[in-house]
Structure formats: structure tokens, C-alpha cells
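Here are some comments for a colleague who is new to reading protein models. Please keep the structure open while going through them.

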Amino acid sequence: MKQTELTEATLAAFLDAFYARVRRDSLIGPVFAERIPDEAWPRHLATIRDFWSSVLLKTGRYKGNPFGRHLGIEGIAPAHFARWLGLFEETAREVFEPAIAAEIVERAHRIGDSLKAGLFFRPEMRGVRA
């Protein structure tokens, strides 16, 4: 049964399912595996939960810099973002009712577009590290 509410619990379950797919994916899984060892995934997922909780539930828990974190990833390309967004959308539509899935996916696309613009279309930002 699809989730009818966006809560901390349903968001956490969604993110766990999504990142399980990410880690198994042939294109983006290796990018994550190279940077996040298995033992670091619980901490990484906690940070991701804080980020999405802040974005979607307005909790203000996330205090980091997602743009700066992505700047340091060598070899990342627009195709990686497209695959990440595709898996995100697929998982959201499986976990949540359509209206909630659409809201989450729309926010992910806006964030992804902003990250891509900064990473790939602003040459002055190349070489800046978090």
C-alpha cells in the first residue's frame, strides 16, 4: 500500500529504499561505493535524512552544504544526475501516493537542476572545494 502522508517515518523508509537502489545501480552505484564505505552508510543516510527532512518537512535539521559536497566528486557528470533523478522518481512513485510523489520529485528536480547548473555550467566554480 502506498503511503498517504509525508512524515519523518515515511520519508526515512523512502530514502532507505531509494539509496538501496542507488547502491545497486550499475552507473551511479560505483560512484557512491568509491566515496562511501559500507560502514559509513548509516551516518551518510542520517545526513541525507536530515537534508530531505529540512527540504520537505521544514525541520531545519540539515546544516551542511550539498553543493560544496558535490564539487569534490571527480568524474561526476550530468548522466549521473539523470540516473539519480530517474531512480528517485521511480522509488517515490512506488512508495507514495501520486500527489506526494509529485511534490517530492518536483523538489528533487529543482535541487538537481541547481546542482547541475553550478557544477557543469559555471566554469568559475570548478576547482572550488567544500
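The points below deal with one helix, one residue and one pocket.

1. This is a predicted model, in which local features need pLDDT of at least 70, side-chain atom pairs count only at pLDDT 80 or more, and totals for chains, interfaces and linings use all residues. Residues are numbered from 1 along each chain as its sequence is written, and side-chain values use heavy atoms, with hydrogens and water left out.

2. Helix α5 runs over residues 78-95 and has 18 residues; helices here are DSSP runs (H or I, at least four residues) numbered from the N terminus. From first C-alpha to last, α5 reaches 26 Å, close to the 26 Å expected at 1.5 Å a residue, where the expected span is 1.5 Å times one less than the number of residues.

3. The buried residues of α5 (buried means under 20% relative accessible area, with a 1.4 Å probe and protein chains only) include Phe81, Trp84, Leu85 and Phe88. The buried residues of α5 cover an arc of only 165° around the axis, which puts them on the same side of the helix, the arc being that of the directions from the helix axis to the C-beta atoms.

4. Ser54, found in helix α3, is buried too, with a relative accessible area of 16%.

5. Turning to the largest pocket, which residues line it closest to its centre? They are Phe32, His44, Ile48, Arg69 and His70, out of 27 lining residues, and the largest share of the lining, 6 residues, comes from α3. A pocket is an open set of points on a 1 Å grid over the protein atoms alone, where a 1.4 Å probe fits, with protein on both sides within 12 Å along at least five of seven lines, and lining residues have an atom within 4 Å of a point.

Note on methods: Helices (H or I, at least four residues) and strands (E, at least two) are DSSP runs, numbered from the N terminus. Buried means under 20% relative accessible area, exposed over 50%, partly exposed in between (1.4 Å probe, protein chains only).
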